[in-house]
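New to this one? Here's a quick briefing to help you find your way around before you start exploring on your own.

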Amino acid sequence: MTDTTPPAAYRRALVWDIPTRLFHWMLAGTIVGAYWTGEFGGFDKTWHMRFGYAVLALVIFRILWGLFGSRTARFASFLRGPAAVLAYLRTLTAPKAHPTDTHNPLGALSVIALLLAALAQAGSGLFASDDILTEGPLNGLFSSAVDSMANRTHAIAVWFLIALVVLHLAAIAYYRLYKRENLVTAMVTGHRDLPPGLGMDVGGMERPASLWLAGLFAAISAGAVYFTVEILPPLLR
């Protein structure tokens, strides 16, 4: 049986800040909620649309947090070029994990793909219509070609999103069962065992400003969605 005890030189370190962890679990919950209410919610799609708005706000927040948030959450800290991705791919078959204090090069691509798929799905929903009872708040405010493209995008993007979620869950299971690295616990507690020089000491604290900044970004994201859904449509009619 593979020894799951980290090397003695490893230390418990802070990897994921509170805003990043909250975003992760809230996005997971809202995507599940949107899918469930869209497929099994009957003709009334009120909750499906509410979940979709929440997904959109969360994606906007993550983009802002990825640009200006904490170091490990920033896109610049984990996006790597093709050479780094290929080098990491060669380590996948090794049973020993290579922990990082942010997303690994392959996981970074998964993050970007998930964000783009969620943005396409939620964004297209603003313009889409089921031709029965429900239409997005921006449906009919532009050309019929825009609405038609939104309907097609909304119908197709969901399958890309489902495929990415399944791939994400499979990767988590692979790392847990084969590489003996528990990624779920890290996203719950924020901590993982890392080699010296990576991450913040477990006793360290995030700068209070980061939480204030996260709150500001959350307000901006929610405000942007509210403006798009409630204020913009009457202005365009």
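What follows is a short lead, then bullet points grouped by topic.

Keep in mind that this is a predicted model. The protein chain is built from eight helices and three strands, and 38% of its 237 residues are buried. Confidence averages a pLDDT of 89 over the chain, with 90% of the residues at 70 or more.

**The overall picture**

- If you walk along the sequence, the elements come in the order β-α-α-α-α-α-α-α-β-β-α.
- Laid along its principal axes, the C-alpha trace of the protein chain covers about 65 × 40 × 35 Å.
- Take the contacts in the chain with a sequence separation of 6 or more: 76% of them join residues 24 or more positions apart.

**Surface and charge**

- The protein chain shows about 13500 Å² of accessible surface, and carbon and sulfur atoms own 72% of that.
- On the charge side, there are 18 positive and 14 negative side chains. The centre of the positive set sits 11 Å from the centre of the negative set.

**How far to trust each part**

- Which elements have the highest and lowest mean pLDDT? Helix α2 (residues 46-68) takes the top spot with 97, while strand β3 (residues 200-201) has the lowest mean at 50.
- Residues 201-206 deserve some care, since pLDDT stays under 50 there. The model still gives this stretch twelve contacts beyond four places in sequence.

**Helix α1 and what comes after**

- Helix α1 runs over residues 18-40, which is 23 residues. From first C-alpha to last it reaches 32 Å, close to the 33 Å expected at 1.5 Å a residue.
- Buried residues in α1 include P19, T20, R21 and F23, and further along the list has L27, T30, I31, G33, A34 and T37.
- M26 is also in helix α1, but this residue counts as partly exposed because its relative accessible area is 46%.
- Where does M26 sit relative to V55? The two are 29 residues apart in sequence, and their C-alpha atoms are 8.5 Å apart in space. V55 itself is one of the buried residues of α2.
- Just past the end of α1 comes G42, with a positive phi of about 80 degrees.

**Helix α2 and the loop behind it**

- Helix α2 has 23 residues and spans 33 Å between its first and last C-alpha atoms, close to the 33 Å expected.
- Its buried residues include the run V55, L56, A57, L58 and V59. G52, F61, R62, L64, W65 and G66 are buried in α2 too.
- G69 belongs to the loop between α2 and α3 (75-78). Is G69 buried or exposed? G69 is buried, because its relative accessible area is 5%.
- Leaving out residues up to four places away in sequence, G69 touches L64 and R74. Of these, L64 is one of the buried residues of α2.
- G69 and Y53 are 16 residues apart along the chain, with 22 Å between their C-alpha atoms.

**L114 in helix α5**

- You'll find L114 in helix α5 (residues 105-125). With a relative accessible area of 18%, L114 falls under the 20% cut-off and therefore counts as buried.
- What does L114 touch, leaving aside neighbours within four places in sequence? The residues in contact with L114 are L161, L164, V165 and H168.
- L22 and L114 are 92 residues apart along the chain, and 16 Å separates their C-alpha atoms.

**R180, a spot to look at**

- R180 has a positive phi of about 60 degrees, although this residue is not a glycine.
- Its place is the loop between α6 (144-177) and α7 (183-189).
- R180 is partly exposed, because its relative accessible area is 30%.

**Toward the end of the chain**

- Helix α8 covers residues 208-236, and I231 is found in it.
- I231 has a relative accessible area of 36%, so this residue is partly exposed.
- How far apart are I231 and A76? They are 155 residues apart in sequence, and their C-alpha atoms are 34 Å apart in space.

Key:
Residues numbered from 1 in each chain as written. Heavy atoms only, no water. Helix = DSSP H or I, 4+ residues; strand = E, 2+ residues; numbered from the N terminus. Buried < 20%, exposed > 50% of the residue type's maximum accessible area, 1.4 Å probe, protein only. Contact = heavy atoms within 4.5 Å. Areas by Shrake-Rupley, 256 points an atom, 1.4 Å probe, with all protein chains shown as cover. Lys, Arg positive; Asp, Glu negative; His and termini not counted. Charge placed at Lys NZ, Arg CZ, Asp CG, Glu CD. Expected span 1.5 Å × (residues − 1). pLDDT = per-residue confidence, 0-100.
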